[in-house]
Amino acid sequence: MRLDGRRSSSNVEDRRGVSGKKVAGIGGVGGLIIMALILWISGGNPLEVLNQTGGLTDGNRVSQSSLSPEKEKQYEEFSKIILAGTEDVWREEFEKVGLTYRNPKMVLYTGSVSSACGNATSAVGPFYCSGDETLYIDLSFFEEMEKNMGAGGDFAYAYVIAHEVGHHVQHLLGTLSETHQQMQRLPKAEANKISVRTELQADYYAGVWAYHDNRKFGSLEPGDIEEGLNAASKIGDDYLQKQAQGYAVPETFNHGTSAQRVKWLKKGASTGDIRGGDTFSPSYSNL
């Protein structure tokens, strides 16, 4: 991506080195990471993954980032620029429909963190909390994407941030609270389908951001979109479940298949039209 000369967002809080009140025990971290790769772009409570596995312990244990200071600084500056780009794009897109965009905050942390949605560790991956309108990111996740997921590249990392901001857009439009209320009333299998629709819309919004960011700043270079589509394919529920256990269980999907995620990210990036992101009207089989 071409980012030279771009402004950085000031809506960033640095909590690196500050622990949350409760963190997951060291035992079972590998299993947490596998589950977190399935859940890492969830718009819900990050404690879901921890509650499913147990292992919560009191204490102030903080994981130390394996990133070099130079690499961590690079990711920090990159994240601030991408967040600024989402601020510029979504402010303009909201104004087009007579609405006011409210910028989210981004918290950078290492190891564990406290949010209005609960306490979590970096094992849950990046997440958005509507309770405090904040994105939470341990920058070492970008390294995990490259080394362990085969999903590296600057636009792939931008997609992570843009997807979480997509959940913020849903929050401001009232979609997120509505879908969460529906999910609470439904059996698990049906609630999962609502979750899939919600996540695919956030993917679409990430694509919409990419379209307008490129229009405004000429940010995209050859191969960038392909990096994002590759990342989307590597975080499909079917792909991750097959990697983790050798087979997929469709009724447990809560983020969408690789093909669905690629489809909606690509659609948003090709149209740039916020109105085209209705993932709730089509039949579930046609998503």
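Accessible areas here come from the Shrake-Rupley method with a 1.4 Å probe. Keep in mind that the model is a predicted one.

**Exercise 1. Work out how much area the chain exposes, and what share carbon and sulfur atoms supply.**

Start with the total: the chain exposes about 12200 Å². Next, split that by atom type: 49% of it is supplied by carbon and sulfur. Then turn to what is covered up: of the chain's 287 residues, 53% are buried.

**Exercise 2. Find the disulfide, and say which hand it has.**

First, search the whole structure; one disulfide turns up. The partners are Cys117 and Cys129, with an S to S distance of 2.1 Å, and the cut-off for a pair is 2.5 Å. Now place them: Cys117 sits in the loop between β5 (112-115) and β6 (118-121), while Cys129 belongs to strand β7 (residues 127-129), so to speak 12 residues along the chain. Check the surroundings and you'll see that both Cys117 and Cys129 are buried. Last, take the torsion about the S-S bond: it's about 95°, so this disulfide is right-handed.

**Exercise 3. Check whether the span of helix α3 (residues 69-96) agrees with its 28 residues.**

Begin with the expected value: multiply 1.5 Å by one less than the number of residues. For the 28 residues of α3 that should give 40 Å. Compare the end C-alpha atoms of α3, which lie 41 Å apart, so the two values agree. Then look past the helix: Gly98 follows α3, and its phi is positive, near 75°.

**Exercise 4. Count the helices and strands of the chain.**

Go through the elements by type: there are 10 helices and eight strands.

Technical notes:
Residues are numbered from 1 along each chain as its sequence is written. This is a predicted model: local features need pLDDT of at least 70, side-chain atom pairs count only at pLDDT 80 or more; totals for chains, interfaces and linings use all residues. Side-chain values use heavy atoms; hydrogens and water are left out. Helices (H or I, at least four residues) and strands (E, at least two) are DSSP runs, numbered from the N terminus. Buried means under 20% relative accessible area, exposed over 50%, partly exposed in between (1.4 Å probe, protein chains only).
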